[in-house]
Amino acid sequence: MSVQFSGWEVVDDGASFSGVELEPSQKPQNKGVYKMYHGTSVASARVIIANGFQQSTRGMLGRGVYVSRNIKKAAHYPLNSSITDRVVLQLHVRVGRVKRIDTDNHPMQYTWNAHGYDTAWVPPNIGLIAVRSGLEEDCVFDPKRVKVVGIAKAPDTTIQKELQQLISKTSKKHGQGGDGAADVCSLCKRKTQQGSSHIKQQCWECGQNICILMSKHFCPARP
């Protein structure tokens, strides 16, 4: 029996590469960087993008920035607001050390940060009275761990374009923008460190150019 193709595919849990999107019930790994979402108003979105997040002073998990990897949950916020005033920000979140909160009146429900944790995580569908939707939720104590990287939803294309431009402007102001093409590997599409390009070589099987940091590569099927 002949092999029709060869290659590889990496399933990453966020501990190695940034911006990984986990399944709802998949446990975030300590020090991972994950794609998450935050729902807010149009006016607040402008402030957050320009100045960063601020801690919420209250909530079911205490102080922190409330986010979710479930875009449906984020899209319901702000509560009791018009759908024409709702924006969902796409984020990269450095979770740090994570504490699972999976019962009502958990002994660390409000004190997890005092015990050395950076993020509190409520898994989906565990029956908490405070989370009637059953959707996954996270609270990140330090706002600096949460970065806005895009607009997942906006009331219309005009607002989405405005906010996206504000993200680009803010990133450049903070030294995160600039000549992006020169800082991104053309093969794996990941950022490179300044002055240090990724190692590239030919696949031993099909001869295509590959980067050793590519998450997947499949050789073309042979005729």
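How many aromatic pairs does the count come to? The count comes to 1 aromatic pair in this predicted model.

**Stop 1: the ring pair**

Select Trp112 and Phe141 and show their side chains. The centres of these two rings are 6.2 Å apart and their planes stand at 90 degrees, so the pair is edge-to-face; planes over 60 degrees apart count as edge-to-face. Now colour the chain by element. Trp112 lies in the loop between β5 (98–100) and β6 (119–122), while Phe141 lies in the loop between β7 (137–140) and β8. The two residues are 29 residues apart, and the pair links distant parts of the chain.

Is Trp112 buried or exposed? With a relative accessibility of 1%, Trp112 counts as buried, because buried means under 20%. Phe141 has a relative accessible area of 24% and is therefore partly exposed.

**Stop 2: helix α1**

Next, select α1 (42–51). Show the side chains of Val42, Ala45, Ile48 and Ile49, which are buried. Why do these residues sit on the same side of α1? They cover an arc of only 115 degrees around the axis, which puts them on the same side of the helix.

To see what they pack against, add β2, β4 (87–94), β8 (146–153) and α3 (157–173) to the selection; the buried residues of α1 pack against these elements. Then move to Gly52, just after α1, where phi is positive at about 90 degrees.

**Stop 3: the second largest pocket**

Select His38, Gly39, Ser56, Tyr66 and Tyr77. The second largest pocket holds about 700 Å³ of space, and of its 33 lining residues these five are the closest to its centre. Which elements give two or more residues to the lining? They are β2 (33–40), α1 (42–51), β3 (65–67) and α2 (71–74). Colour the lining by class: 14 of its residues are nonpolar, 14 are polar and 5 are charged.

**Stop 4: the cavity**

Rolling a probe the size of a water molecule over the atoms shows where empty space is left. A search of the whole structure finds 1 cavity of 30 Å³ or more. The largest cavity has a volume of about 40 Å³. To find it, select the residues that line it: Val122, Pro123, Pro124, Asn125, Ile126, Gly127, Leu128, Val131, Gly134 and Leu135. How many residues of this lining are nonpolar? The lining has 7 nonpolar and 3 polar residues, and no charged ones.

Key: Residues numbered from 1 in each chain as written. Predicted model: local features only at pLDDT ≥ 70, side-chain atom pairs only at ≥ 80, totals over all residues. Heavy atoms only, no water. 1 Å grid on protein atoms, 1.4 Å probe; cavity = no way out; pocket = protein on both sides within 12 Å on 5 of 7 lines; lining within 4 Å. Points joined across faces, edges and corners; volume = space filled by probe spheres on them. Helix = DSSP H or I, 4+ residues; strand = E, 2+ residues; numbered from the N terminus. Nonpolar A, V, L, I, M, F, W, Y, C, P; charged D, E, K, R; others polar. Buried < 20%, exposed > 50% of the residue type's maximum accessible area, 1.4 Å probe, protein only. Arc of directions from axis to C-beta. Contact = heavy atoms within 4.5 Å. Phe/Tyr/Trp six-rings, centres within 6.5 Å; stacked < 30°, edge-to-face > 60°.
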